[in-house]
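Here is a short, friendly briefing on where the charged side chains sit and how they pair up. Have a look at the view below, then read on.

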Amino acid sequence: MTTCFGYTRVSTAKQGEGVSLEVQKEEITRYAEKHGLTISRWFEEKETAAKSGRPVFNAIMRDLNNHKADGLIVHKIDRSARNFRDWAKIGELSDQGVAIHFVTESLDFQSRGGRLTADIQAVIASDYIRNLREEAKKGLRGRLKQGLYPFRAPIGYLDQGRGKAKIPDPEKAPLIQEMFDLYRTGNHGIRSLHAEMSARGLRNHSGGVLSRHGIETILSNPFYTGIIRIKVTGDTYDGIHEPLISISLFQRVQEMKAGKCGKKTTRHMHTYRGLFKCGLCSLAMIAERQKGHVYYRCHTPDCPTKGIREETIEQAALAEFERSTIRPKPFAELVDVLEAWKVGRQDQHDEAASLKMQLGKLEARLDNLMDALIEGLIDKEAYSRKKAGLNFDIRRIKESQKDSAGIEAEHIYLEKFLELVKNLAPLYQIANRQEKRLFVSLATSNRTVVSKSACFEPSNWLGAAQSILADPVGAPYRPTSRTYPDTLLRQLDTLVETLREPTVKELVVQLSDIMGRHNGAAK
(Lines give C-alpha, C1' and ligand atoms only; values in the text may rest on other atoms or scores of the structure.)
Protein backbone atom coordinates (compact mmCIF):
# COMPACT_ATOMS: atom_id res chain seq x y z
CA MET A 1 0.00 0.00 0.00
CA THR A 2 1.41 3.37 -1.06
CA THR A 3 0.84 6.09 1.53
CA CYS A 4 0.96 9.79 0.72
CA PHE A 5 0.58 13.10 2.45
CA GLY A 6 -2.17 15.40 1.18
CA TYR A 7 -1.24 19.13 1.09
CA THR A 8 -3.71 21.99 0.55
CA ARG A 9 -2.77 25.68 0.63
CA VAL A 10 -4.20 29.16 0.18
CA SER A 11 -2.22 32.40 0.37
CA THR A 12 -4.09 34.16 3.21
CA ALA A 13 -6.32 33.35 6.14
CA LYS A 14 -9.13 35.30 4.45
CA GLN A 15 -8.94 33.00 1.42
CA GLY A 16 -9.12 30.08 3.81
CA GLU A 17 -12.62 31.17 4.81
CA GLY A 18 -13.88 30.29 1.31
CA VAL A 19 -14.27 26.93 -0.43
CA SER A 20 -10.81 26.68 -2.03
CA LEU A 21 -9.33 24.39 0.61
CA GLU A 22 -12.35 22.08 0.47
CA VAL A 23 -12.20 21.86 -3.34
CA GLN A 24 -8.49 21.04 -3.25
CA LYS A 25 -9.11 18.32 -0.68
CA GLU A 26 -11.92 16.76 -2.73
CA GLU A 27 -9.80 16.73 -5.92
CA ILE A 28 -6.82 15.20 -4.09
CA THR A 29 -9.10 12.51 -2.55
CA ARG A 30 -10.53 11.54 -5.97
CA TYR A 31 -7.01 11.44 -7.47
CA ALA A 32 -5.79 9.13 -4.68
CA GLU A 33 -8.75 6.75 -5.10
CA LYS A 34 -8.26 6.63 -8.86
CA HIS A 35 -4.55 5.77 -8.59
CA GLY A 36 -4.78 3.43 -5.59
CA LEU A 37 -3.04 5.77 -3.15
CA THR A 38 -3.83 6.12 0.54
CA ILE A 39 -3.84 9.52 2.24
CA SER A 40 -2.15 8.88 5.60
CA ARG A 41 -2.20 12.46 6.79
CA TRP A 42 -3.57 15.84 5.69
CA PHE A 43 -1.65 19.11 5.88
CA GLU A 44 -3.37 22.46 5.49
CA GLU A 45 -1.65 25.88 5.26
CA LYS A 46 -2.75 29.50 4.90
CA GLU A 47 0.53 31.12 3.87
CA THR A 48 1.89 32.60 0.66
CA ALA A 49 4.27 30.38 -1.27
CA ALA A 50 6.16 33.34 -2.72
CA LYS A 51 8.67 33.17 0.14
CA SER A 52 10.32 30.20 1.78
CA GLY A 53 9.85 29.43 5.44
CA ARG A 54 6.28 28.11 5.52
CA PRO A 55 6.04 26.11 8.78
CA VAL A 56 3.59 23.43 7.52
CA PHE A 57 5.48 22.94 4.25
CA ASN A 58 8.77 22.57 6.15
CA ALA A 59 7.14 19.98 8.43
CA ILE A 60 6.08 17.96 5.35
CA MET A 61 9.61 18.09 3.95
CA ARG A 62 11.03 16.92 7.29
CA ASP A 63 8.58 14.01 7.65
CA LEU A 64 9.09 12.87 4.05
CA ASN A 65 12.86 12.94 4.52
CA ASN A 66 12.29 10.70 7.57
CA HIS A 67 10.29 8.26 5.38
CA LYS A 68 6.98 8.74 7.23
CA ALA A 69 5.15 8.47 3.88
CA ASP A 70 5.90 7.28 0.35
CA GLY A 71 4.73 10.33 -1.53
CA LEU A 72 3.07 13.76 -1.63
CA ILE A 73 -0.12 14.79 -3.44
CA VAL A 74 -0.72 18.48 -4.22
CA HIS A 75 -3.56 20.03 -6.20
CA LYS A 76 -1.38 22.13 -8.54
CA ILE A 77 2.29 23.00 -8.90
CA ASP A 78 1.72 26.59 -7.75
CA ARG A 79 0.05 25.23 -4.57
CA SER A 80 3.33 23.56 -3.61
CA ALA A 81 5.86 26.31 -4.31
CA ARG A 82 6.22 29.71 -5.96
CA ASN A 83 9.88 30.21 -5.13
CA PHE A 84 12.95 28.32 -6.35
CA ARG A 85 14.21 27.33 -2.88
CA ASP A 86 11.07 25.38 -1.96
CA TRP A 87 10.83 23.94 -5.46
CA ALA A 88 14.41 22.65 -5.11
CA LYS A 89 13.36 20.84 -1.90
CA ILE A 90 10.58 19.06 -3.80
CA GLY A 91 13.09 18.09 -6.52
CA GLU A 92 15.46 16.65 -3.90
CA LEU A 93 12.64 14.49 -2.50
CA SER A 94 11.93 13.14 -5.97
CA ASP A 95 15.62 12.34 -6.42
CA GLN A 96 15.45 10.34 -3.17
CA GLY A 97 12.56 8.23 -4.50
CA VAL A 98 9.61 10.09 -2.96
CA ALA A 99 6.65 10.13 -5.36
CA ILE A 100 5.39 13.63 -6.17
CA HIS A 101 1.85 13.87 -7.59
CA PHE A 102 0.05 16.94 -8.99
CA VAL A 103 -3.69 16.43 -9.47
CA THR A 104 -4.37 18.89 -12.30
CA GLU A 105 -1.09 18.44 -14.21
CA SER A 106 -0.97 15.17 -16.17
CA LEU A 107 2.79 14.71 -16.09
CA ASP A 108 5.19 12.02 -14.90
CA PHE A 109 7.44 13.69 -12.34
CA GLN A 110 9.77 10.71 -12.39
CA SER A 111 10.60 11.04 -16.12
CA ARG A 112 13.04 13.55 -17.58
CA GLY A 113 10.39 15.13 -19.83
CA GLY A 114 7.81 15.34 -17.05
CA ARG A 115 10.34 16.83 -14.69
CA LEU A 116 11.31 19.44 -17.31
CA THR A 117 7.67 20.38 -17.86
CA ALA A 118 7.17 20.70 -14.10
CA ASP A 119 10.28 22.90 -13.78
CA ILE A 120 9.01 25.19 -16.54
CA GLN A 121 5.62 25.52 -14.84
CA ALA A 122 7.36 26.25 -11.51
CA VAL A 123 9.38 29.01 -13.19
CA ILE A 124 6.17 30.45 -14.65
CA ALA A 125 4.52 30.36 -11.21
CA SER A 126 7.49 32.13 -9.66
CA ASP A 127 7.53 34.77 -12.43
CA TYR A 128 3.79 35.31 -11.97
CA ILE A 129 4.38 36.19 -8.33
CA ARG A 130 7.22 38.56 -9.19
CA ASN A 131 5.08 40.33 -11.78
CA LEU A 132 2.15 40.48 -9.37
CA ARG A 133 4.43 41.99 -6.72
CA GLU A 134 5.73 44.65 -9.13
CA GLU A 135 2.20 45.58 -10.23
CA ALA A 136 1.11 45.85 -6.60
CA LYS A 137 4.09 48.08 -5.79
CA LYS A 138 3.32 50.24 -8.81
CA GLY A 139 -0.25 50.70 -7.60
CA LEU A 140 0.90 51.54 -4.08
CA ARG A 141 3.41 54.08 -5.36
CA GLY A 142 0.66 55.68 -7.43
CA ARG A 143 -1.54 56.06 -4.36
CA LEU A 144 1.34 57.47 -2.31
CA LYS A 145 2.14 60.08 -4.96
CA GLN A 146 -1.50 61.14 -4.79
CA GLY A 147 -1.06 61.72 -1.06
CA LEU A 148 -3.11 58.67 -0.10
CA TYR A 149 -2.01 56.08 2.46
CA PRO A 150 -2.88 52.65 0.96
CA PHE A 151 -2.47 50.75 4.21
CA ARG A 152 -4.44 50.46 7.43
CA ALA A 153 -4.99 53.81 9.10
CA PRO A 154 -2.71 54.53 12.08
CA ILE A 155 -4.32 54.83 15.50
CA GLY A 156 -6.12 58.17 15.63
CA TYR A 157 -7.42 57.93 12.04
CA LEU A 158 -10.21 56.02 10.30
CA ASP A 159 -10.22 54.25 6.93
CA GLN A 160 -12.69 55.51 4.31
CA GLY A 161 -12.12 52.94 1.60
CA ARG A 162 -9.93 52.81 -1.48
CA GLY A 163 -8.97 56.08 -3.11
CA LYS A 164 -9.98 58.16 -0.07
CA ALA A 165 -7.84 59.94 2.51
CA LYS A 166 -7.84 58.84 6.14
CA ILE A 167 -9.92 61.03 8.45
CA PRO A 168 -9.32 61.79 12.16
CA ASP A 169 -11.02 59.43 14.59
CA PRO A 170 -13.31 61.67 16.70
CA GLU A 171 -12.56 59.58 19.80
CA LYS A 172 -8.85 58.77 19.44
CA ALA A 173 -7.51 61.81 17.55
CA PRO A 174 -7.81 64.17 20.58
CA LEU A 175 -6.03 61.57 22.72
CA ILE A 176 -3.17 61.38 20.20
CA GLN A 177 -2.81 65.16 20.36
CA GLU A 178 -2.82 65.02 24.16
CA MET A 179 -0.11 62.34 24.05
CA PHE A 180 2.26 64.51 22.02
CA ASP A 181 1.55 67.54 24.24
CA LEU A 182 2.18 65.54 27.42
CA TYR A 183 5.47 64.12 26.17
CA ARG A 184 6.64 67.56 25.02
CA THR A 185 6.41 68.94 28.57
CA GLY A 186 9.24 66.63 29.71
CA ASN A 187 7.15 65.42 32.63
CA HIS A 188 6.67 61.94 31.16
CA GLY A 189 8.80 59.11 29.91
CA ILE A 190 7.40 56.27 27.79
CA ARG A 191 6.50 54.23 30.87
CA SER A 192 4.55 56.97 32.64
CA LEU A 193 3.02 58.18 29.36
CA HIS A 194 1.83 54.64 28.69
CA ALA A 195 0.10 54.53 32.07
CA GLU A 196 -1.40 58.00 31.60
CA MET A 197 -2.80 57.33 28.10
CA SER A 198 -4.17 53.96 29.23
CA ALA A 199 -5.99 55.74 32.04
CA ARG A 200 -7.36 58.31 29.57
CA GLY A 201 -8.80 55.55 27.41
CA LEU A 202 -6.49 55.35 24.38
CA ARG A 203 -6.83 51.89 22.83
CA ASN A 204 -5.44 50.05 19.81
CA HIS A 205 -7.43 48.93 16.76
CA SER A 206 -8.69 45.78 18.47
CA GLY A 207 -9.81 47.67 21.56
CA GLY A 208 -6.93 46.52 23.77
CA VAL A 209 -4.53 48.67 25.79
CA LEU A 210 -1.65 50.05 23.77
CA SER A 211 1.79 48.61 24.51
CA ARG A 212 4.78 50.82 25.33
CA HIS A 213 6.16 49.93 21.90
CA GLY A 214 2.87 51.16 20.42
CA ILE A 215 3.29 54.48 22.24
CA GLU A 216 6.83 54.86 20.85
CA THR A 217 5.61 54.00 17.35
CA ILE A 218 2.97 56.72 17.47
CA LEU A 219 5.44 59.33 18.76
CA SER A 220 7.84 58.47 15.90
CA ASN A 221 5.29 58.49 13.08
CA PRO A 222 5.26 61.71 10.98
CA PHE A 223 1.87 60.66 9.55
CA TYR A 224 0.30 62.78 12.30
CA THR A 225 1.94 65.89 10.78
CA GLY A 226 0.58 65.16 7.29
CA ILE A 227 3.71 63.41 5.99
CA ILE A 228 3.62 59.78 4.88
CA ARG A 229 6.84 57.88 5.53
CA ILE A 230 7.40 54.34 4.29
CA LYS A 231 9.61 52.76 6.93
CA VAL A 232 11.06 50.01 4.72
CA THR A 233 12.33 52.31 1.96
CA GLY A 234 12.60 55.58 3.90
CA ASP A 235 10.61 57.39 1.17
CA THR A 236 8.35 60.26 2.23
CA TYR A 237 5.26 61.73 0.55
CA ASP A 238 2.99 64.70 1.23
CA GLY A 239 -0.31 63.29 2.50
CA ILE A 240 -3.68 64.89 1.79
CA HIS A 241 -5.11 63.76 5.14
CA GLU A 242 -5.71 66.27 7.93
CA PRO A 243 -2.68 66.62 10.28
CA LEU A 244 -3.25 66.21 14.01
CA ILE A 245 -0.08 67.99 15.17
CA SER A 246 2.37 70.58 13.82
CA ILE A 247 5.82 69.87 12.41
CA SER A 248 7.44 71.92 15.17
CA LEU A 249 5.72 69.84 17.86
CA PHE A 250 6.74 66.59 16.15
CA GLN A 251 10.38 67.68 15.86
CA ARG A 252 10.35 68.78 19.51
CA VAL A 253 9.12 65.31 20.53
CA GLN A 254 11.83 63.62 18.42
CA GLU A 255 14.46 65.71 20.20
CA MET A 256 12.97 64.70 23.53
CA LYS A 257 13.05 61.02 22.53
CA ALA A 258 16.65 61.32 21.39
CA GLY A 259 17.63 62.73 24.78
CA LYS A 260 18.55 66.17 23.42
CA CYS A 261 16.15 68.09 25.63
CA GLY A 262 17.08 67.02 29.11
CA LYS A 263 15.67 64.37 31.38
CA LYS A 264 12.73 62.37 30.06
CA THR A 265 11.76 60.35 33.12
CA THR A 266 11.48 61.13 36.78
CA ARG A 267 10.31 59.35 39.88
CA HIS A 268 9.18 62.44 41.80
CA MET A 269 7.10 65.17 40.22
CA HIS A 270 8.49 68.12 42.21
CA THR A 271 7.44 71.40 40.65
CA TYR A 272 10.81 73.05 39.96
CA ARG A 273 13.01 69.96 39.67
CA GLY A 274 16.02 70.45 37.40
CA LEU A 275 15.36 74.17 36.87
CA PHE A 276 17.67 75.73 39.48
CA LYS A 277 21.42 75.61 40.06
CA CYS A 278 23.51 76.62 43.02
CA GLY A 279 24.70 80.19 42.53
CA LEU A 280 28.07 79.39 44.16
CA CYS A 281 29.13 76.02 42.73
CA SER A 282 26.85 75.92 39.62
CA LEU A 283 25.64 72.39 40.36
CA ALA A 284 21.98 71.35 40.24
CA MET A 285 19.74 71.88 43.24
CA ILE A 286 18.25 68.49 44.14
CA ALA A 287 14.61 68.37 45.24
CA GLU A 288 13.68 66.24 48.26
CA ARG A 289 10.71 66.05 50.60
CA GLN A 290 11.25 66.46 54.33
CA LYS A 291 8.55 66.76 57.01
CA GLY A 292 5.82 67.60 54.53
CA HIS A 293 7.79 70.27 52.65
CA VAL A 294 9.85 70.13 49.46
CA TYR A 295 13.38 71.51 49.72
CA TYR A 296 15.88 72.18 46.95
CA ARG A 297 19.37 71.48 48.30
CA CYS A 298 22.92 71.79 47.04
CA HIS A 299 24.68 68.48 47.76
CA THR A 300 28.20 69.79 47.29
CA PRO A 301 30.16 69.27 50.52
CA ASP A 302 31.09 72.52 52.33
CA CYS A 303 28.96 74.65 49.95
CA PRO A 304 27.36 77.54 51.90
CA THR A 305 24.12 77.09 49.89
CA LYS A 306 22.22 74.50 51.89
CA GLY A 307 18.64 74.63 50.69
CA ILE A 308 15.50 76.57 49.93
CA ARG A 309 11.84 75.68 50.35
CA GLU A 310 9.63 75.30 47.30
CA GLU A 311 7.22 77.91 48.64
CA THR A 312 10.04 80.49 48.67
CA ILE A 313 10.79 79.83 44.99
CA GLU A 314 7.10 80.15 44.20
CA GLN A 315 6.88 83.53 45.93
CA ALA A 316 9.98 84.79 44.12
CA ALA A 317 8.52 83.75 40.74
CA LEU A 318 5.22 85.45 41.60
CA ALA A 319 7.05 88.67 42.46
CA GLU A 320 8.82 88.55 39.08
CA PHE A 321 5.55 88.09 37.23
CA GLU A 322 3.86 90.89 39.17
CA ARG A 323 6.41 93.31 37.70
CA SER A 324 4.77 92.66 34.33
CA THR A 325 1.28 93.65 35.48
CA ILE A 326 -0.38 96.32 33.30
CA ARG A 327 -3.08 98.50 34.80
CA PRO A 328 -6.26 99.01 32.71
CA LYS A 329 -5.61 102.63 31.67
CA PRO A 330 -1.98 102.11 30.49
CA PHE A 331 -3.12 99.00 28.66
CA ALA A 332 -5.76 100.98 26.74
CA GLU A 333 -3.08 103.50 25.77
CA LEU A 334 -0.80 100.64 24.72
CA VAL A 335 -3.51 99.41 22.35
CA ASP A 336 -3.34 102.81 20.63
CA VAL A 337 0.42 102.36 20.27
CA LEU A 338 -0.24 99.02 18.61
CA GLU A 339 -2.45 100.73 16.03
CA ALA A 340 0.38 103.18 15.21
CA TRP A 341 2.82 100.28 14.99
CA LYS A 342 0.49 98.51 12.58
CA VAL A 343 0.40 101.54 10.27
CA GLY A 344 4.19 101.86 10.37
CA ARG A 345 4.60 98.22 9.39
CA GLN A 346 2.78 98.62 6.09
CA ASP A 347 5.91 99.87 4.30
CA GLN A 348 8.16 97.06 5.52
CA HIS A 349 8.95 93.92 3.55
CA ASP A 350 6.15 91.43 3.19
CA GLU A 351 6.91 88.34 5.23
CA ALA A 352 4.54 86.27 3.15
CA ALA A 353 6.59 87.06 0.05
CA SER A 354 9.77 86.04 1.88
CA LEU A 355 8.26 82.73 2.90
CA LYS A 356 7.04 82.16 -0.63
CA MET A 357 10.57 82.75 -1.92
CA GLN A 358 12.01 80.30 0.61
CA LEU A 359 9.40 77.74 -0.38
CA GLY A 360 10.28 78.16 -4.05
CA LYS A 361 13.95 77.57 -3.33
CA LEU A 362 13.21 74.42 -1.34
CA GLU A 363 10.98 73.03 -4.08
CA ALA A 364 13.70 73.79 -6.64
CA ARG A 365 16.21 71.91 -4.47
CA LEU A 366 13.79 68.99 -4.38
CA ASP A 367 13.65 68.97 -8.19
CA ASN A 368 17.44 69.15 -8.42
CA LEU A 369 17.66 66.26 -5.99
CA MET A 370 15.48 64.13 -8.27
CA ASP A 371 17.69 65.07 -11.25
CA ALA A 372 20.78 64.03 -9.28
CA LEU A 373 19.19 60.64 -8.56
CA ILE A 374 18.26 60.10 -12.21
CA GLU A 375 21.77 61.05 -13.36
CA GLY A 376 23.33 58.70 -10.81
CA LEU A 377 25.08 61.47 -8.85
CA ILE A 378 23.64 60.18 -5.54
CA ASP A 379 22.34 56.80 -4.46
CA LYS A 380 18.74 56.06 -3.47
CA GLU A 381 19.52 56.00 0.25
CA ALA A 382 21.04 59.48 0.18
CA TYR A 383 18.15 60.68 -1.99
CA SER A 384 15.54 59.38 0.49
CA ARG A 385 17.36 60.93 3.44
CA LYS A 386 17.76 64.36 1.82
CA LYS A 387 14.23 64.28 0.43
CA ALA A 388 12.82 63.60 3.90
CA GLY A 389 14.72 66.63 5.27
CA LEU A 390 13.50 68.88 2.46
CA ASN A 391 9.91 67.71 2.92
CA PHE A 392 10.07 68.58 6.60
CA ASP A 393 11.46 72.05 5.75
CA ILE A 394 8.75 72.58 3.11
CA ARG A 395 6.05 71.54 5.55
CA ARG A 396 7.49 73.90 8.19
CA ILE A 397 7.51 76.82 5.74
CA LYS A 398 3.91 76.09 4.80
CA GLU A 399 2.97 76.10 8.48
CA SER A 400 4.80 79.43 8.86
CA GLN A 401 2.79 80.80 5.95
CA LYS A 402 -0.37 79.91 7.82
CA ASP A 403 1.00 81.51 11.00
CA SER A 404 2.04 84.67 9.11
CA ALA A 405 -1.27 85.68 7.59
CA GLY A 406 -0.20 89.34 7.35
CA ILE A 407 0.16 92.41 9.52
CA GLU A 408 -3.42 92.24 10.73
CA ALA A 409 -2.89 88.75 12.17
CA GLU A 410 0.37 89.85 13.88
CA HIS A 411 -1.42 92.84 15.38
CA ILE A 412 -4.21 90.64 16.81
CA TYR A 413 -1.68 88.13 18.14
CA LEU A 414 0.41 90.86 19.81
CA GLU A 415 -2.65 92.41 21.43
CA LYS A 416 -3.70 89.01 22.73
CA PHE A 417 -0.20 88.33 24.05
CA LEU A 418 -0.09 91.61 26.01
CA GLU A 419 -3.55 90.83 27.40
CA LEU A 420 -2.16 87.55 28.69
CA VAL A 421 1.02 89.15 30.09
CA LYS A 422 -1.16 91.63 31.94
CA ASN A 423 -2.68 88.68 33.80
CA LEU A 424 0.54 86.68 34.18
CA ALA A 425 0.76 86.93 37.99
CA PRO A 426 -2.87 85.96 38.77
CA LEU A 427 -2.73 83.18 36.19
CA TYR A 428 0.43 81.83 37.82
CA GLN A 429 -1.36 81.77 41.16
CA ILE A 430 -4.24 79.61 39.89
CA ALA A 431 -2.08 77.33 37.72
CA ASN A 432 -1.51 73.73 38.73
CA ARG A 433 1.93 72.32 39.51
CA GLN A 434 2.86 71.33 35.98
CA GLU A 435 1.67 74.68 34.59
CA LYS A 436 3.69 76.59 37.18
CA ARG A 437 6.75 74.62 36.17
CA LEU A 438 6.13 75.53 32.52
CA PHE A 439 5.69 79.20 33.48
CA VAL A 440 9.03 79.35 35.29
CA SER A 441 10.82 77.27 32.63
CA LEU A 442 9.72 79.45 29.69
CA ALA A 443 9.42 82.86 31.38
CA THR A 444 12.78 82.94 33.22
CA SER A 445 16.43 82.14 32.60
CA ASN A 446 19.71 81.89 34.60
CA ARG A 447 17.83 80.40 37.55
CA THR A 448 20.05 80.10 40.64
CA VAL A 449 19.79 79.80 44.41
CA VAL A 450 22.13 81.85 46.61
CA SER A 451 21.88 81.34 50.35
CA LYS A 452 18.10 81.10 50.82
CA SER A 453 17.05 83.28 47.89
CA ALA A 454 15.90 82.31 44.40
CA CYS A 455 17.36 84.48 41.63
CA PHE A 456 16.46 84.50 37.93
CA GLU A 457 16.19 86.78 34.93
CA PRO A 458 13.19 87.24 32.63
CA SER A 459 13.35 85.37 29.32
CA ASN A 460 13.80 87.33 26.11
CA TRP A 461 10.08 87.62 25.41
CA LEU A 462 9.21 88.72 28.96
CA GLY A 463 12.15 91.14 29.04
CA ALA A 464 10.94 92.65 25.76
CA ALA A 465 7.44 93.07 27.18
CA GLN A 466 8.79 94.62 30.40
CA SER A 467 10.94 97.09 28.43
CA ILE A 468 7.80 98.37 26.69
CA LEU A 469 5.99 98.66 30.00
CA ALA A 470 8.95 100.53 31.49
CA ASP A 471 8.54 103.36 28.91
CA PRO A 472 5.76 105.83 29.69
CA VAL A 473 3.03 105.38 27.13
CA GLY A 474 0.94 108.45 27.78
CA ALA A 475 -0.25 110.70 24.96
CA PRO A 476 1.51 111.20 21.61
CA TYR A 477 4.68 113.30 21.93
CA ARG A 478 3.41 115.67 19.20
CA PRO A 479 -0.05 117.21 18.82
CA THR A 480 -0.70 115.05 15.72
CA SER A 481 -2.74 111.88 16.21
CA ARG A 482 -1.14 108.44 16.18
CA THR A 483 2.40 109.74 16.61
CA TYR A 484 4.60 107.85 19.05
CA PRO A 485 8.34 107.68 19.78
CA ASP A 486 10.27 105.55 17.28
CA THR A 487 11.96 103.76 20.19
CA LEU A 488 8.64 102.38 21.40
CA LEU A 489 7.65 101.22 17.93
CA ARG A 490 11.02 99.49 17.45
CA GLN A 491 10.52 97.73 20.78
CA LEU A 492 7.22 96.36 19.47
CA ASP A 493 9.06 95.09 16.37
CA THR A 494 11.54 93.31 18.65
CA LEU A 495 8.73 91.82 20.68
CA VAL A 496 7.00 90.46 17.56
CA GLU A 497 10.23 88.78 16.44
CA THR A 498 10.55 87.22 19.90
CA LEU A 499 6.95 86.00 19.81
CA ARG A 500 7.69 83.92 16.73
CA GLU A 501 9.84 81.56 18.79
CA PRO A 502 8.13 78.13 19.19
CA THR A 503 8.58 78.10 22.97
CA VAL A 504 6.80 81.45 23.29
CA LYS A 505 3.90 80.16 21.20
CA GLU A 506 3.75 77.19 23.59
CA LEU A 507 3.42 79.56 26.52
CA VAL A 508 0.75 81.68 24.81
CA VAL A 509 -1.31 78.53 24.18
CA GLN A 510 -0.81 77.44 27.79
CA LEU A 511 -1.77 80.87 29.14
CA SER A 512 -4.89 80.94 26.97
CA ASP A 513 -5.96 77.53 28.29
CA ILE A 514 -5.44 78.59 31.89
CA MET A 515 -7.23 81.89 31.34
CA GLY A 516 -10.15 80.06 29.73
CA ARG A 517 -10.31 77.64 32.63
CA HIS A 518 -10.17 80.50 35.13
CA ASN A 519 -12.92 82.45 33.37
CA GLY A 520 -15.05 79.31 33.17
CA ALA A 521 -14.62 78.68 36.90
CA ALA A 522 -15.48 82.31 37.67
CA LYS A 523 -18.73 82.01 35.74
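In which helix is the place of Lys137? Lys137 sits in helix α5, which covers residues 112-145. Keep in mind that this is a predicted model. A search of the whole structure turns up 17 salt bridges, and a few of them are described below along with two charged patches.

**Charged surface patches**
- Lys137 joins Lys51, Arg141 and Lys145 in a positive patch on the surface.
- Lys137 counts as partly exposed because its relative accessibility is 38%.
- A patch of negative charge on the surface brings together Glu363, Asp367, Asp371 and Glu375.
- Asp371 belongs to helix α12 (residues 351-374), and its relative accessible area of 39% makes it partly exposed.

**Salt bridges**
- Side chains of opposite charge can pair when their charged atoms come close.
- Asp78 and Arg79 form a salt bridge at 3.4 Å, N to O, and both residues are buried.
- Glu178 pairs with Arg200 in a salt bridge, with 2.8 Å between the closest N and O atoms.
- That pair links distant parts of the chain, 22 residues apart: Glu178 is in helix α6 (residues 173-184) and Arg200 in helix α7 (residues 190-200).
- Glu178 is partly exposed at 30% relative accessibility, and so is Arg200 at 37%.
- Arg396 and Asp393 form a salt bridge whose closest N and O atoms are 2.9 Å apart.
- Both Arg396 and Asp393 lie in helix α13 (residues 380-403), 3 residues apart, or about one turn of the helix.

**A shared network**
- Arg41, Asp63 and Lys68 are joined into one network by salt bridges that share partners.

Key:
Residues numbered from 1 in each chain as written. Predicted model: local features only at pLDDT ≥ 70, side-chain atom pairs only at ≥ 80, totals over all residues. Heavy atoms only, no water. Patch = residues over 30% accessible without salt bridge, like charges linked within 9 Å, V, L, I, M, F, W, Y side chains within 5 Å. Areas by Shrake-Rupley, 256 points an atom, 1.4 Å probe, with all protein chains shown as cover. Salt bridge = Lys/Arg side-chain N within 4 Å of Asp/Glu carboxyl O. Lys, Arg positive; Asp, Glu negative; His and termini not counted. Charge placed at Lys NZ, Arg CZ, Asp CG, Glu CD. Helix = DSSP H or I, 4+ residues; strand = E, 2+ residues; numbered from the N terminus. Buried < 20%, exposed > 50% of the residue type's maximum accessible area, 1.4 Å probe, protein only.
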